[in-house]
Amino acid sequence: MGRLVSLQIITPIEQTAALFELIIQKTMPATEQELRSILATQIAPPDICLCFVVALDEVIQTLETQALELADHVAIGCVWTAFSFGDHYLLTTATSSYTAMARAFEESQSIQSLFADIAQQSASEALFLIDDWNQSHLLWHSDHTTLKDNWISNHPVDQCCREIMVPFH
């Protein structure tokens, strides 16, 4: 079995539409209909295969990519992406599908910048890299976090988001 590395975005539930619009803009058009359906129903399959469009860098050049009309961008995929909806937060998890992609998630400035831009522009709370040892590495966090120390929720997604974020506050 190859390595698996994930990028996780924690987004306040009221910013879900903004997050989805940015993901639609940053992926290949073939999945737009499925993403819009997930947004409308807030029901997602366990994982969907998304091809994110990223700028070329030295690490990306080592991956199997899909060429685009833009010479300086390529589509990477399949990035297994899961959307977990809570009462207060949406947890978006994009997981590498093979070892070279896992390394790219860890080392590519282009991939990390893409996900940081999505997180920032959608008014998300934070972006984490989860390595294959299940260690959380904070890549970006909002200066305007809404997570409160006394906030309690019984929803499993909200509890997961809280557990990931608390050490970084």
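This section describes helix packing, aromatic pairs and salt bridges in a predicted model.

Helix 1 (residues 16–25) and helix 2 (residues 32–41) have axes that come within 10 Å and cross at roughly 175°. With this crossing angle, helix 1 is roughly antiparallel to helix 2, because angles over 145 degrees count as roughly antiparallel. On the helix 1 side, the contact is made by Thr16, Ala17, Phe20, Glu21, Ile23 and Ile24. These residues meet Glu32, Leu35, Arg36, Ile38 and Leu39 of helix 2. By class, seven residues in this contact are nonpolar, one is polar and three are charged.

Two of the helix 2 residues in the contact, Glu32 and Arg36, also form a salt bridge with each other, the closest N and O atoms being 2.9 Å apart. Both lie in helix 2, four residues apart, about one turn of the helix. Glu32 has a relative accessibility of 31% and counts as partly exposed. Arg36 is likewise partly exposed, at a relative accessible area of 34%. Phe20, on the helix 1 side of the contact, belongs to an aromatic cluster with Phe83 and Phe85.

The structure holds four aromatic pairs. In one of them, Phe52 and Phe115 are tilted, with 4.8 Å centre to centre and 50° between the planes. This pair links distant parts of the chain, as Phe52 is in strand 2 (residues 48–55) and Phe115 in helix 4, 63 residues apart. Both Phe52 and Phe115 are buried. Phe115 also pairs with Phe105, again in a tilted arrangement, at 6.4 Å centre to centre and 50° between the planes. Phe105 lies in helix 3 (residues 99–107) and Phe115 in helix 4, so this pair ties together parts that are 10 residues apart in sequence. Phe105 is buried, as is Phe115.

Helix 4 (residues 109–121) also holds Gln112. The relative accessible area of Gln112 is 16%, so this residue is buried, given that buried means under 20%. Leaving aside neighbours within four places in sequence, Gln112 is in contact with Phe105, Glu106, Glu107, Leu127, Leu129 and Leu139.

Two of these contact partners of Gln112, Glu106 and Glu107, take part in salt bridges. Glu107 forms a salt bridge with Arg103, the closest N and O atoms being 2.8 Å apart. Glu107 and Arg103 are four residues apart in helix 3, which means that about one helical turn separates them. Glu107 counts as partly exposed at 47% relative accessibility, and Arg103 counts as partly exposed at 29%. Glu106 is linked with Arg3 and Asp132 in a network of salt bridges.

Within this network, the side chains of Arg3 and Asp132 meet at 2.6 Å, N to O. Arg3 lies in the segment before strand 1 (6–12), and Asp132 in the loop between strand 6 (126–130) and strand 7 (136–141), so the salt bridge ties together parts that are 129 residues apart in sequence. Arg3 is partly exposed, with 26% relative accessibility, and Asp132 is partly exposed, with 34%. In total, the count comes to five salt bridges.

Technical notes: Residues numbered from 1 in each chain as written. Predicted model: local features only at pLDDT ≥ 70, side-chain atom pairs only at ≥ 80, totals over all residues. Heavy atoms only, no water. Axes fitted to C-alpha atoms, helices over the stretch in contact; angles between N-to-C directions. Parallel < 35°, antiparallel > 145°, perpendicular 65-115°, else oblique. Contact = heavy atoms within 4.5 Å. Nonpolar A, V, L, I, M, F, W, Y, C, P; charged D, E, K, R; others polar. Buried < 20%, exposed > 50% of the residue type's maximum accessible area, 1.4 Å probe, protein only. Phe/Tyr/Trp six-rings, centres within 6.5 Å; stacked < 30°, edge-to-face > 60°. Salt bridge = Lys/Arg side-chain N within 4 Å of Asp/Glu carboxyl O.
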